[in-house]
Amino acid sequence: MMSHIKIPLIDKRLRISAIVVIVVAILYYSTVGTPPGSVAGSGGGGNSGVNVLLATDHALAYALLAWSVAYAKATPPASDTVPWKEAVLIIGGVTVYGFSVELLQLWFPERFFDPVDIVSNAVGAVTVLGWYLLEPYMKFFEIGLGTNSE
């Protein structure tokens, strides 16, 4: 018998709200804000080489976005098979969002378009495959306002 990892599903509205918060935070920090923990002005043009820490930040942000979308789409019971089409759509959607944000940076003088960022964003999005590979071992149960069912 296969054991399952129990995963609570908060109210769908809260799951979707979390996605909106992540999307807005990525947009803000990619265009006008200074990301937490970074040095002001370090994101300007003229970088030589790849900033590994910055690339990691991009990958983590877009991984968080992709996993949040997968979590928001989850419904009990978990699937016994990997929904590859859904996974590809999430990876594609998150990657296109990252590309769009990079294009938007062309209009901000302190920012620049960086193909390395696009690759980092895509790498982060691809990590959502981990969710879908683990999903057959998950058992979802909904929790919400005044409910606690299993």
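By the rule used here, which takes a salt bridge to be a side-chain nitrogen of Lys or Arg within 4 Å of a carboxyl oxygen of Asp or Glu, the count comes to 1 salt bridge. This is a predicted model, in which local features need pLDDT of at least 70 and side-chain atom pairs count only at pLDDT 80 or more, while totals for chains, interfaces and linings use all residues. Residues are numbered from 1 along each chain as its sequence is written, and side-chain values use heavy atoms, with hydrogens and water left out.

The salt bridge joins Arg13 and Asp11, whose closest N and O atoms are 2.8 Å apart. Side chains of opposite charge can pair when their charged atoms come close. The table places these two beside Thr31, with buried meaning under 20% relative accessible area, exposed over 50% and partly exposed in between (1.4 Å probe, protein chains only).

| Residue | Relative accessibility | Class |
|---|---|---|
| Arg13 | 59% | exposed |
| Asp11 | 23% | partly exposed |
| Thr31 | 6% | buried |

Let's stay with Thr31 for a moment. Thr31 belongs to helix H1 (residues 12–31); helices (H or I, at least four residues) and strands (E, at least two) are DSSP runs, numbered from the N terminus. Setting aside neighbours within four places in sequence, Thr31 is in contact (heavy atoms within 4.5 Å) with Leu104, Phe108, Glu110 and Arg111. Glu102 lies 71 residues from Thr31 in sequence, with a C-alpha to C-alpha distance of 8.9 Å.

Glu102 is also one of the buried residues of H3, a list that includes Ala87, Ile90, Val94 and Tyr97. These buried residues sit on the same side of H3, because they cover an arc of only 150° around the axis, judged by the directions from the helix axis to the C-beta atoms. The face turned away from that buried side carries the exposed residues Lys85, Val88, Leu89 and Val96.

Now to the interior. The largest nonpolar core, a set of buried Ala, Val, Leu, Ile, Met, Phe, Trp, Tyr and Cys residues joined through side-chain atoms within 4.5 Å, has 26 residues, and those with the most contacts inside it are Leu65, Ile90, Val128, Trp131 and Tyr132. Elements giving two or more residues to this core include H1, H3, strand S1 (5–9) and helix H2 (52–73). H2 gives the most, with 7 residues. Beyond neighbours within four places in sequence, Leu65 is in contact with Ile19, Ile22, Val23, Ile26, Val94 and Tyr97.
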